Amino acid sequence: QPLFDATAEVVASHYRPGVGVGGKLVPWQPYNFHAGNFVDASGYSPQDETTAELLKAKCLPMPNWVFSAKFPLEALEAWTGRQIDLYEKAGLKLHQIRMKNPGQGSDWTGEAIWTHVKTMAKVFQQRGLEPPIVYIHNHDFNGMGAHIGKEAFRLAQAEGFTTLVIDAAYRKNGTHNDNTVLLSGLSMTPEQRECLIEYNYNQQALENVLSRFDSRTSQMTPWDSDWAGGTEGSDIRIAKEYGLDVRKINHAKEVANEVFPLERAVTPFSEYKLRLGIALMIEPGIEPKTPEAVRAWVNKGGKLKVGGDVLVGLKRWETLVPKTAEADKLLENMPDELAAAMAQSSKLITVADLPESFTPEQRHTALGYQLKGFDFAAAQAKGTDLSPLLVAPHVLHRQPRTLPKGTQFEVLLDPTDSTSRAQVEFTGFGKAPNGDVAMNFLHEGVAVQVAMPDPDAAVAATADSGPRKATPGNKYEVPTQVPGEILSYSVKVGDVLKAGEPLCVLESMKMEMKISVPEDIDGLKVKSLPLKGRTKEKQGDILAPGDLMIELEDA
């Protein structure tokens, strides 16, 4: 609740400066599809809970039903009724509702869409309410999305339903419904058609200017995928971090979903399934990468290198499809990792941890992003964050020490005023008398030099510090399989390792992950721990696959 209260204050202050929420409704309608449509036997639903909290914060969330042909229409009826009840309890009347299809899939048809819309509309009619505005969301992977939407429009019109809204984008956008195809099913005036064409030209021009990442050039997602089309950019990045062939990522997700069928890829399940897929891809004991091989690995006691959040997700199983035996067996194989993950909830940042000086924006960041958000908000309060470089992405995202001499950029002086900027020119790198790296700038005709210790010199001075590659085939050098930040070791120098026991803790893909001692180093002794873990002051060493994690010797 405090997170939503802070968020509401941020949004309301944008529209009502100096007033904020002030007991009035916030002009913001966030889509709420958290945890899909799950509800347990007692009636508890994470989505319903968060919708009620958003309403209490004076926001107007739009309830989202996550589409899957495997979810029964009876569950949709009950869900729709619960959404109406939540609004009534807040003294409001629900007017609009949304159906989200994270992928496309071969079961996404005009008839399926209309059947779901009729089911929702029937509940509204039974409750004496006006027909709802129903918003339909989907990605288009095969060029058929707009034609399917057009068919849904036709079916709705035939039965006199006029409040159906379907997502669309400009002609040939490549990711969502082609609006010219979709709207060909509606009667439009010549003026409306001219406006549509003008919009498409303008929207395409804007996207060409603003878009920095484009997944439309990717071949990762097949035409009949149920996977979320909007995640390809991050999927490709993560695949590269793990050194995996991006062509295999979709297969990995499909295998993971068959063994652990959390169903449609919606927050947070999309994260879980991707991480499960990657875990089975990097596990050498699973060959070939098939559902049968994964089941065999799990059923003989095998573990997977996944974060604690994934284990908690498997434990809770907040979905409308039955839980598989393999999900329970994996949790049985990883009791220590699960216990540590369940204990993480006691470490959550709460409103009691926040300084009174924090602004609504800083409260939102700290509560929403937890420890990293809290650290960022604290740094922002001290003026030591990187926010001033938000208006210079070509500097902020560049590889260290590769900025060309003569690069000009702006620095944001006041985060509350995007027009308050300083003009800066980078005039090159240099070497300070003490060996530090010098960075030279020009601001308003005045030369400015900033120096910092040379990281290469620091690494060279301490042979045992910082990541280096493990020697392939050397059983005494344990390589990293999971990229990420080292948080801590669970062993010390001189310990004799035992298979299955904790080895270290990493943070990878936004999740804390406990790495266990693998079978092939059972009985060896720890010779050295070459990495630095995270402290309150400093980040831990950042690892890539193949980096040396631990050095061993015979016991």
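**Exercise 1. The sheet of strands 10, 16 and 14**

Which residue stands opposite Leu548 in strand 16? Place the pair in its sheet, then look at the loop before strand 16.

Solution. The model is predicted.
Step 1. Find the partner. Pro479 stands opposite Leu548.
Step 2. Identify the strands that pair. Strand 10 and strand 16 (residues 548-553) run antiparallel and are joined by three bridges.
Step 3. Set out the sheet. Three strands form an open sheet in the order 10-16-14, and the pairing is antiparallel.
Step 4. Find the edges. Strand 10 (477-479) and strand 14 (525-528) each have a single partner strand, so one side of each is left without a neighbour in the sheet.
Step 5. Add the twist. On average, neighbouring strands of this sheet are turned by 45° against each other, direction ignored.
Step 6. Turn to Asp547. Asp547 sits in the loop between strand 15 (542-543) and strand 16.
Step 7. Classify Asp547. The cut-off for buried is under 20% relative accessible area. Asp547 has 8% relative accessibility, so Asp547 counts as buried.
Step 8. List its contacts, leaving aside neighbours within four places in sequence. Asp547 touches Pro467, Arg468, Lys469, Ala470, Val478, Pro479, Thr480 and Ile542. One of these, Pro479, is the residue opposite Leu548.

**Exercise 2. Strands 7, 8 and 9**

Trace the pairing around strand 8, and find the residues with positive phi in its two hairpins.

Solution.
Step 1. Start with burial. Strand 8 (residues 437-443) is mostly covered, with five of its seven residues buried.
Step 2. Take the pairing with strand 7. Strand 7 (residues 417-431) runs antiparallel to strand 8, with six bridges between them. In this pairing, Gly430 stands opposite Ala438.
Step 3. Check the connection. The hairpin of strand 7 and strand 8 has five residues between the strands. In this hairpin, Gly435 takes a positive phi near 95°.
Step 4. Take the pairing with strand 9. Seven bridges join strand 8 to strand 9 (residues 446-452), again antiparallel. Met439 has Val450 in strand 9 as its bridge partner.
Step 5. Check the second connection. Two residues lie between strand 8 and strand 9 in their hairpin. Here Glu444 takes a positive phi near 50°.

**Exercise 3. Helix 1 against helix 15**

Describe how helix 1 and helix 15 cross, and sort the residues of their contact.

Solution.
Step 1. Choose the descriptors. Two packed helices are described by the angle and the distance between their axes.
Step 2. Apply them. The axes of helix 1 (residues 2-15) and helix 15 (residues 360-382) come within 8 Å and cross at roughly 145°.
Step 3. Assign the hand. The crossing is left-handed.
Step 4. List the contact. Helix 1 contributes Pro2, Leu3, Ala6, Thr7, Glu9 and Val10. Helix 15 contributes Pro360, Glu361, Arg363, His364, Leu367 and Gly368.
Step 5. Sort the residues. Six are nonpolar, three polar and three charged.

**Exercise 4. Buried, partly exposed or exposed?**

Classify Arg275, Asp414 and Gly128, then survey helix 9.

Solution.
Step 1. Arg275 belongs to helix 10 (residues 269-282). Its relative accessible area is 3%, so Arg275 is buried. Beyond its neighbours within four places in sequence, Arg275 contacts Val306, Val310, Met509, Lys510 and Met511.
Step 2. Asp414 lies in strand 6 (residues 408-414). At 29% relative accessible area, Asp414 is partly exposed. Asp414 and Ser387 are 27 residues apart in sequence, and their C-alpha atoms are 9.5 Å apart.
Step 3. Gly128 is in the loop between helix 4 (110-126) and strand 4 (133-138). The cut-off for exposed is over 50%. Gly128 has 64% relative accessibility, so Gly128 counts as exposed. Gly128 and Asn177 are 49 residues apart in sequence and 33 Å apart, C-alpha to C-alpha.
Step 4. Helix 9 (residues 249-259) is mostly covered, with eight of its eleven residues buried. The buried residues are Ile249, Asn250, Ala252, Lys253, Val255, Ala256, Asn257 and Val259.

**Exercise 5. Domains**

How is the chain divided into domains, and what separates the centres of domain 1 and domain 5?

Solution.
Step 1. List the bounds. They are domain 1 (24-213), domain 2 (231-343), domain 3 (355-385), domain 4 (387-457) and domain 5 (477-554).
Step 2. Take the centres over C-alpha atoms. Those of domain 1 and domain 5 are 46 Å apart.

Note on methods: Residues are numbered from 1 along each chain as its sequence is written. This is a predicted model: local features need pLDDT of at least 70, side-chain atom pairs count only at pLDDT 80 or more; totals for chains, interfaces and linings use all residues. Side-chain values use heavy atoms; hydrogens and water are left out. Axes are lines fitted to C-alpha atoms, for helices over the stretch in contact, and angles run from 0 to 180 degrees between N-to-C directions. Helices (H or I, at least four residues) and strands (E, at least two) are DSSP runs, numbered from the N terminus. A crossing is left-handed if the near helix is turned anticlockwise from the far one by less than a right angle, and right-handed if clockwise. Contact means heavy atoms within 4.5 Å. Ala, Val, Leu, Ile, Met, Phe, Trp, Tyr, Cys and Pro count as nonpolar, Asp, Glu, Lys and Arg as charged, and the others, Gly among them, as polar. Buried means under 20% relative accessible area, exposed over 50%, partly exposed in between (1.4 Å probe, protein chains only). Two strands pair if DSSP finds at least two bridges between them. Domain bounds come from an automatic or database domain assignment.
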